[in-house]
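Grab a coffee and open the viewer: here are some short exercises to work through at your own pace. Try each task before you read its solution.

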Amino acid sequence: MADVRDIMELERPPTPEITRESILGNDKTKKRFPPGPKVSKRPEGMHREVFALLYNDNKDAPPLFPSDTIGNNGYKQTKIKLGMRKPRKWMWMPFTNPARSDNATFYHWRRPSDEPKEYPFAKFNKKVDIPKYTDQEYNLHIKCEGWTKEETDHLMDLAERFDLRFLVMADRYDKQFPKRSVEDLKQRYYKICGILYKLNGDKKVYTYDADHERRRKEQLKKLYERKPEQIEEEQFLLGELKKIEARKKERERKTQDLQKLISQADSQSDAPKRNEKKLPKKKITNPSRPSRIDTNHILQALENAGIKFPDYKNSGVSLRSQRMKLPANVGQKKSKGIEQILQEMGLELNPTPSDEICQHFNELRSDMVLLMEIKGALVTCEYELQSLRHQYEALNPGKSLSIPQQLTSNTEVEAKLSTSEIIDVVGSPDTSSNA
């Protein structure tokens, strides 16, 4: 471009001086944003949610004074339609409370056009129905040593005046009569009510135990008057009790594991006997000596049979229904057997846990488990008897030993045929071969 200007003899602008700025360029101007609204700091102690309600979306400060317009448009519609009618009058008018018996007159504001109504709070004045008695009923049924008729009438009058608030009645009790405690007043009042209710044919009678109430208050007083050393000692004893219970549960768990191992060993030892029972008689060529039934072991097992329910006599509150809960050592098979027997007998699985029902229900289920143990022992005895009979027939061909096929109880087993008698009849294999 510079050569063209020289040929046409045109003026050319002066060549600018080469500098660092012309090569690298000037620094870019920084963009300046308009200053935003000043953010006010949340006052100390004010919750974040409450502080957020003070500003709108534009973060405008709230107005200092209430205004009738929102922005520049105002309300869309008028809130109140003002008319030219006169407002209704209110008058200071009297009223009475039907719950009061002194005919006191009170005043309140009310419109004259409104109809007079019963005082609405009179329905909350509830009175206790205090029984009444005649002189004849008092002389025949209510008369008691240590209480005169005047003092009894004074007690019933106080009960009606103060709505059975016995603490207030004991405070307002007339001093011309002997000093009575709150328990004495309650005992006398509820005794009179019980007698009158029975005379009227009502079977529901409340019985008040004054001695129990006195003992309860004494125990409560002792509880509140404990010293710090006594409280620490009690906490220490409770901690030791928890440790003892934990060790007891650990021993029970180990006992259950040991019983499982014993039962598994017994089942493994019974497996050859079951296989032997399935074999036919003719294949028994060299029978072994008949096994003896360990009657002592069976009797000891039956004595230990049943359910041993835990004793909930620990300190503190416990539910009576816990006494009917089956222990953990009762297996699932026995639990299902108990449920089946209860259903056959038409009994509930979880009856009402009263004291008497808990005791009898636990004894019944323990007897059920004992019955199942006896049945199991009876099956074992029958199997042993059958095994002895097969061995006798194998050793003495042509001879048969009559053994009952099914025995009903342990007494019948002992009465009809004992194990020692069978062994004496069968004898050992050596003696039988010599014979």
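## Exercise 1: The surroundings of R180

Leaving out residues up to four places away in sequence, R180 touches G146, W147, E151, Y173 and L185. Keep in mind that this is a predicted model.

**Task.** Find where R180 is located, decide whether R180 is buried or exposed, and work out which polar partners its side chain has.

**Solution.**
1. Start with the location: R180 is in the loop between α6 and α7.
2. Next, check burial. The relative accessibility of R180 is 18%, and the cut-off for buried is under 20%, so R180 counts as buried.
3. Now look for polar partners. A polar atom of the R180 side chain lies 2.6 Å from the backbone oxygen of G146.
4. The side chain of E151 is another partner, making a polar contact of 2.8 Å with the side chain of R180.

## Exercise 2: The largest nonpolar core

**Task.** Work out how many residues the largest nonpolar core has, and which helices supply at least two residues each.

**Solution.**
1. The largest nonpolar core has 20 residues, and Y133, M169, L185 and Y189 have the most contacts inside it.
2. Four helices each supply at least two residues of this core: α4 (135-142), α5 (149-161), α6 (166-171) and α7 (182-199).
3. The helix that gives the most to this core is α7, with six residues.
4. Take Y189 as a close-up. Setting aside its neighbours within four places in sequence, Y189 is in contact with I130, P131, L155, M156, A159, L164 and F166.
5. There is also a second, separate core; it has ten residues, including M324, V330, C358 and V369.

As background, nonpolar side chains tend to be buried together in soluble globular proteins.

## Exercise 3: A walk along α7

**Task.** Compare the span of α7 with the expected one, then find which of its residues are buried and what covers them.

**Solution.**
1. The 18 residues of α7 reach 26 Å from the first C-alpha to the last, close to the 26 Å expected at 1.5 Å a residue.
2. The buried residues of α7 are V182, E183, L185, R188, Y189, I192, C193, G194 and L196.
3. Their cover includes α4, α5, α6 and α8 (210-224).
4. Past the helix comes G201, with a positive phi near 90 degrees.

A helpful rule here: an α-helix has 3.6 residues a turn, so residues three or four places apart point the same way.

## Exercise 4: Positive phi between α5 and α6

**Task.** In the loop between α5 and α6, examine the phi values of D163 and L164.

**Solution.**
1. D163 lies in the loop between α5 and α6, and L164 lies there too.
2. Most residues other than glycine have a negative phi.
3. D163, although not a glycine, has a positive phi of about 55 degrees.
4. L164, also a residue other than glycine, has a positive phi near 60 degrees.
5. With a relative accessible area of 22%, L164 is partly exposed.

## Exercise 5: Cysteines and totals

**Task.** State how many disulfides the structure holds, compare the exposure of C144 and C193, and then describe the whole protein.

**Solution.**
1. The structure holds zero disulfides.
2. C144 is partly exposed at 27% relative accessible area, whereas C193 is buried at 4%.
3. Zooming out, the protein has 15 helices and two strands, and 20% of its 435 residues count as buried.
4. Finally, the protein exposes about 37,000 Å², of which carbon and sulfur atoms supply 53%.

Conventions
Residues numbered from 1 in each chain as written. Predicted model: local features only at pLDDT ≥ 70, side-chain atom pairs only at ≥ 80, totals over all residues. Heavy atoms only, no water. Core = buried A, V, L, I, M, F, W, Y, C linked by side-chain atoms within 4.5 Å. Buried < 20%, exposed > 50% of the residue type's maximum accessible area, 1.4 Å probe, protein only. Contact = heavy atoms within 4.5 Å. Polar contact = N/O pair within 3.5 Å; in protein donor to acceptor, adjacent residues only side chain to side chain. Disulfide = S-S within 2.5 Å. Expected span 1.5 Å × (residues − 1). Areas by Shrake-Rupley, 256 points an atom, 1.4 Å probe, with all protein chains shown as cover.
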